[in-house]
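Hi,

Here is the structure I said I would pass on. Have a look at it first, and my notes follow below.

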Amino acid sequence: MNIKLKRVVRTPQSEEIAIFDTDTRDANEAAVNIGKLEVHYLEDQVVGTLLLWQEFTKGFAVNYPPGSDITMDDVIDQILSEVTEPLGVAGEYGIEVYYPTVSNQGFVSNYAAADDTGGSELDEYAESEGAEYEEEEELVEGEPRDDEFYRRLRERT
């Protein structure tokens, strides 16, 4: 598993970071988005929220059963190490970790449309990065996903 963090939004004291597994590809050959991290940098610590998509954690449990060389704690430690190891960043952190389903994750905005089709700059970013978000009105629960990760998951169950 090769974890890659991609900064989505940055302020002087915080960041929103998309998390990808570059070893797993979707139908468009883009790295699969496995979660996101929101961090706030304080003087003496880093605090925030880590969301790992439930679909990823379920597949992880199948692909890396107990006793494997890698655990979910190892994945979380790798993600948080990349955020807290840079010079000038506090090494101590307090991060809440959740495993929501990606189909319940959405993005709502009142940004002005980038063009006449109603898309925004964030829509264009998502398309170029292979990000997996949908506006709240367009969420379709129960619709099957078709990427390598989910195909492997279905093969093992």
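To start in the middle of the sheet: in which sense do S2 and S3 pair, and over how many bridges? The two strands pair in the antiparallel sense, over nine bridges. One of the pairs sits at Asp 21, whose bridge partner in S3 is Val 32. Before I go on, please keep in mind that this is a predicted model.

Now the overall picture. The protein chain has four helices and seven strands, and along the sequence they come in the pattern β-β-β-β-α-α-β-β-α-β-α. It has 157 residues, of which 34% count as buried. The exposed area of the chain is about 9800 Å², with 45% of it supplied by carbon and sulfur atoms. If you look at contacts between residues at least 6 apart in sequence, 52% of them join residues at least 24 apart.

Back to the sheet. Five strands make it up, in the order S1-S2-S3-S4-S5, and it is an open sheet with mixed pairing. The edges belong to strand S1 (3-11) and strand S5 (93-98); each has a single partner strand, so one side of each is left without a neighbour in the sheet. Ignoring direction, neighbouring strands of this sheet are turned by 20° against each other on average.

Going through the other pairs from the S1 edge:

- S1 and S2 run antiparallel and are joined by eight bridges. They form a hairpin with two residues between them, and Leu 5 stands opposite Ile 19 in S2.
- S3 and strand S4 (residues 46-52) are also antiparallel, with seven bridges. A hairpin of four residues joins S3 to S4, and Gly 35 has Leu 52 in S4 as its bridge partner.
- S4 and S5 pair in the parallel sense over six bridges. Here Leu 51 has Tyr 98 in S5 as its bridge partner.

How enclosed are the inner strands? Nine of the 12 residues of S2 are buried, so S2 is largely enclosed by the rest of the structure. S4 is largely enclosed as well, because five of its seven residues are buried.

That brings me to the packing. Which residues have the most contacts inside the largest nonpolar core? They are Ile 19, Leu 37, Leu 50, Leu 52 and Ile 79, in a core of 19 residues. The elements giving two or more residues to this core are S2, S3, S4, helix H1 (54-63) and helix H2 (72-84). H2 provides the largest share, with six residues.

Ile 79 is a good place to click if you want to see this. Leaving aside neighbours within four places in sequence, Ile 79 is in contact with Ile 3, Leu 5, Ile 19, Leu 37, Leu 50 and Leu 52. Two of these partners, Leu 5 and Ile 19, are the ones that stand opposite each other across S1 and S2. Another, Leu 52, is the bridge partner of Gly 35.

Last, the turn between S2 and S3. This hairpin has five residues between the strands, and two of its residues caught my eye.

The loop between strand S2 (14-25) and strand S3 (31-41) holds Asp 26. Is Asp 26 buried or exposed? Asp 26 counts as buried because its relative accessibility is 10%, and the cut-off for buried is under 20%. A polar atom of the Asp 26 side chain lies 2.9 Å from the backbone nitrogen of Asn 28.

Glu 29 is in the loop between S2 and S3 too. What is its phi? Glu 29 has a positive phi of about 65°, although it is not a glycine. For context, most residues other than glycine have a negative phi. Glu 29 counts as exposed, because its relative accessibility is 57% and exposed means over 50%. So this one loop holds a buried residue, Asp 26, and an exposed one, Glu 29.

That's the lot from my side. Shout if anything is unclear.

Cheers

Notes:
Residues numbered from 1 in each chain as written. Predicted model: local features only at pLDDT ≥ 70, side-chain atom pairs only at ≥ 80, totals over all residues. Heavy atoms only, no water. Buried < 20%, exposed > 50% of the residue type's maximum accessible area, 1.4 Å probe, protein only. Contact = heavy atoms within 4.5 Å. Areas by Shrake-Rupley, 256 points an atom, 1.4 Å probe, with all protein chains shown as cover. Polar contact = N/O pair within 3.5 Å; in protein donor to acceptor, adjacent residues only side chain to side chain. Pairing = 2+ DSSP bridges. Axes fitted to C-alpha atoms, helices over the stretch in contact; angles between N-to-C directions. Core = buried A, V, L, I, M, F, W, Y, C linked by side-chain atoms within 4.5 Å.
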